[in-house]
Amino acid sequence: MQRHYDITEWLDHLRGFTAGDRKTALDAHRRQCNACDATADWLARTLADTAGERNTVVPEQVLHNARAIFALRALDQIQVRRGLLASLVFDSFTQPALQGVRSEQRLDVRHLLYDAGAYAIDVRLEHERGTPAVTMIGQIHHAADSGRHVAHMPVTLTSNESVLAQTVSNQFGEFTLKYTPQSGLGLHLGAQDQAQPES
Ligand SMILES: [Zn+2]
């Protein structure tokens with residue numbers, strides 16, 4: 001799939017500042033991307049709410065929420081052991097909370113669940129208010145047995161092929177990464193530098 005569009009691009013689009021091929025591409029992307037559709041929906045509602053306030057170009061709270069949503073953009077891809085790509089199975093921004101899990105309506109926390117064959121990856125993104133930083137708290141476990149965690153697995157966060165942060169999962173399969181929001185985020189689980197035997 002083509003890269004996601006960021007919140008300022010959706011804002012321009014919804015305000016009618018896009019045309020031609022670009023307009024077609026944005027509309028087509030929105031139809032096939034839940035994450036961008038949710039962003040655009042939210043922005044459209046916000047614009048409708050503030051339509052009467054023409055003089056206050058964009059209210060500060062709207063900008064704050066927009067920045068938080070942009071900061072907490074979902075990962076574009078998760079790759080396990082240089083091969084398998086994980087698929088997103090739950091996103092707190094676009095889906096109702098799982099039964100039995102407390103609903104998170106906060107815009108400064110995003111909860112994502114990924115399925116990668118034998119592994120399941122739980123990712124929580126938190127935006128630190130007043131800073132550009134995002135903290136990612138993840139946990140890797142075996143899909144067949146969520147009580148079995150994947151310990152000591154190297155975790156690398158990249159943006160368009162450059163490394164932003166690296167760590168290793170602890171004995172509970174947990175890892176924490178801090179980064180500044182970027183486009184084209186990828187999370188790579190397992191050794192990156194050279195092929196390593198399965199452990
Ligand atoms: Zn998208």
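**Entry 1: getting started.** I began by noting that two strands count as paired when DSSP finds at least two bridges between them. I also reminded myself that this is a predicted model.

**Entry 2: the whole chain.** I looked up the elements and found four helices and eleven strands in the chain. Of its 199 residues, 24% are buried. I then turned to contacts with a separation of 6 or more, and 56% of them join residues 24 or more positions apart.

**Entry 3: a sheet of five.** Which strands form the open sheet, and in what order? I read off S2-S1-S11-S8-S9, with mixed pairing. Strand S2 (84–85) and strand S9 (162–168) are the edge strands, as each pairs on one side only.

**Entry 4: the neighbours of S11.** In that order S11 stands between S1 and S8, and I checked both pairings. Strand S1 (residues 77–80) runs parallel to S11, and four bridges join the two. Strand S8 (residues 154–159) is antiparallel to S11, with five bridges between them.

**Entry 5: who faces whom.** I followed single residues across these pairings. Which residue of S11 does Gln77 stand opposite? I found Gly186 there. On the other pairing, Thr158 has Gly186 as its bridge partner in S11. I also noted that Ile78 stands opposite Leu187 in S11.

**Entry 6: two faces of one strand.** Next I walked along S11 itself, residues 185–189, to see where the side chains point. They alternate: Leu185, Leu187 and Leu189 point to one face and are buried. Gly186 and His188 point to the other face and are not buried. I was glad to meet Gly186 again, having just seen it opposite Gln77.

**Entry 7: a look at Gln139.** I moved on to strand S6 (residues 134–142), where Gln139 is found. Why does Gln139 count as partly exposed? I found 18 C-beta neighbours inside 10 Å of Gln139, and a residue needs 20 or more to be buried and 12 or fewer to be exposed, so it falls in between.

**Entry 8: what Gln139 touches.** Leaving out residues up to four places away in sequence, I listed Asp122, His149, Gly173 and Glu174 as the residues that Gln139 touches. I looked further at one of them, Asp122. Gln139 and Asp122 are 17 residues apart in sequence, yet their C-alpha atoms are 5.1 Å apart in space.

Terms used
Residues numbered from 1 in each chain as written. Predicted model: local features only at pLDDT ≥ 70, side-chain atom pairs only at ≥ 80, totals over all residues. Contact = placed C-beta atoms within 7 Å.
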